[in-house]
Amino acid sequence: MRELFDEVSGKSPLDPEEPVRRATGGPRRHNRFYAHAGLVEDPDGFAIALDDKPVRTPSGRTLVAPNREIADGIVAEWDAQQETIDPMTMPLTRFVNSVIDAVADRVEAVTDDVAKYFGSDLLFYRAGHPEALVAREAAHWDPIVFWAADALGAHFILAEGIVHVRQPDSAIAAARAALPTDPWSIAALHAVTTLTGSALLALALMRGVIDQDQAWAAAYVEEDWNIEQWGGDEEIAARRAARLVDFRAAATILRSTA
């Protein structure tokens with residue numbers, strides 16, 4: 001049973017490519033060994049149980065969700081499994097395992113990792129041409145940059161191309177001050193950041209400035225533009241689909257815990 005939970009865990013939200021590697025290689029599936037999933041109230045939230053036995057994380061901790069919404073989502077993932085258990089269809093379970101085992105005791109390190117993105121956020125580097133792409137990036141990204149300046153006092157510098165531009169320390173500090181301090185929210189925000197390439201998009205999503213669909217579309221403006229011009233690639237599409245599954249799980253947790 002521990003081997004299964006190791007595969008389901010996702011190891012750590014600090015490695016956003018882990019789900020993609022599993023999607024490419026395909027995790028081993030195990031036969032379903034339980035009749036039903038449920039939850040039990042716990043001092044830290046809601047513990048997940050299989051046939052009334054508590055589920056453990058890979059490190060042996062009780063699998064506890066912080067609120068009923070997330071707990072119900074995890075129970076639904078376990079109940080939806082058929083004769084065999086497919087970890088790739090259980091993003092909430094993998095994420096919660098990761099938070100408990102890899103983030104709860106190192107919130108500051110995860111916060112530092114998110115803050116690094118404020119120095120080179122996706123939204124700062126703009127295309128110089130063609131005009132239609134320039135306009136599309138502005139439409140998706142400018143409102144977030146302006147919001148950061150107005151609401152957070154974080155005034156960032158925009159650049160054309162990919163040459164690195166040093167951002168003001170004051171802007172980075174102001175944006176960092178807006179980051180959550182609880183392990184659930186910062187883990188979810190970290191996952192959204194790494195999956196989109198933008199900590200500003202993650203913050204805007206957390207604050208309700210944009211929704212999931214808007215955040216995802218903003219993260220893939222250039223890729224979608226290229227697909228429209230030159231067509232898509234099946235392998236790239238599969239990798240993006242794997243990321244989207246984990247993005248939606250992280251966004252769900254971010255919305256319910258922020």
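## Exercises on a predicted model

At 29% relative accessibility, aspartate 51 counts as partly exposed; here buried means under 20% relative accessible area, exposed over 50%, and partly exposed in between, with a 1.4 Å probe and protein chains only. The model is predicted: local features need pLDDT of at least 70, side-chain atom pairs count only at pLDDT 80 or more, and totals for chains, interfaces and linings use all residues. Residues are numbered from 1 along each chain as its sequence is written, and side-chain values use heavy atoms, with hydrogens and water left out.

**Exercise 1.** Describe the backbone and the surroundings of aspartate 51 and of aspartate 52.

*Solution.*
- Step 1: Aspartate 51 lies in the loop between β3 (45-50) and β4 (53-54). Helices (H or I, at least four residues) and strands (E, at least two) are DSSP runs, numbered from the N terminus.
- Step 2: Although aspartate 51 is not a glycine, its phi is positive, at about 50°.
- Step 3: Aspartate 52 is found in the loop between β3 and β4, and its phi is also positive, near 70°.
- Step 4: With a relative accessible area of 67%, aspartate 52 is exposed.
- Step 5: Most residues other than glycine have a negative phi, and most peptide bonds are trans.

**Exercise 2.** Characterise the peptide bond from histidine 129 to proline 130 and locate proline 130.

*Solution.*
- Step 1: The bond is cis, with omega near -10°.
- Step 2: Proline 130 belongs to the loop between β7 (125-126) and α6.

**Exercise 3.** Check the span of helix α12 (residues 234-257) against its number of residues, and examine its start.

*Solution.*
- Step 1: The expected span is 1.5 Å times one less than the number of residues.
- Step 2: For the 24 residues of α12 this gives 34 Å, and the end C-alpha atoms are 35 Å apart, so the two agree.
- Step 3: At the start of α12, a side-chain oxygen of aspartate 233 comes within 3.0 Å of the backbone nitrogen of glutamate 235.
- Step 4: Buried residues of α12 include Arg240, Asp246, Phe247, Ile253 and Leu254.

**Exercise 4.** Describe how α4 and α12 pack, and place threonine 93.

*Solution.*
- Step 1: Two packed helices are described by the angle between their axes and the distance between the axes. Axes are lines fitted to C-alpha atoms, for helices over the stretch in contact, and angles run from 0 to 180 degrees between N-to-C directions.
- Step 2: The axes of α4 and α12 come within 9 Å and cross at roughly 65°.
- Step 3: The residues that make the contact (heavy atoms within 4.5 Å) include Leu92 and Phe95 of α4 and Ala249 and Ile253 of α12.
- Step 4: Threonine 93 also lies in α4 (residues 91-103), and at 1% relative accessibility it counts as buried.
- Step 5: The side chains of threonine 93 and glutamate 77 are joined by a polar contact of 2.7 Å. Such a contact is a pair of N or O atoms within 3.5 Å; within protein, one must be able to donate a hydrogen and the other to accept it, and residues adjacent in sequence count only if both atoms are side-chain atoms.

**Exercise 5.** Find the geometry of the packing of α6 (residues 131-152) and α11 (residues 221-230).

*Solution.*
- Step 1: Their axes come within 10 Å and cross at roughly 145°.
- Step 2: Among the residues that meet are Trp141 in α6 and Trp225 in α11.
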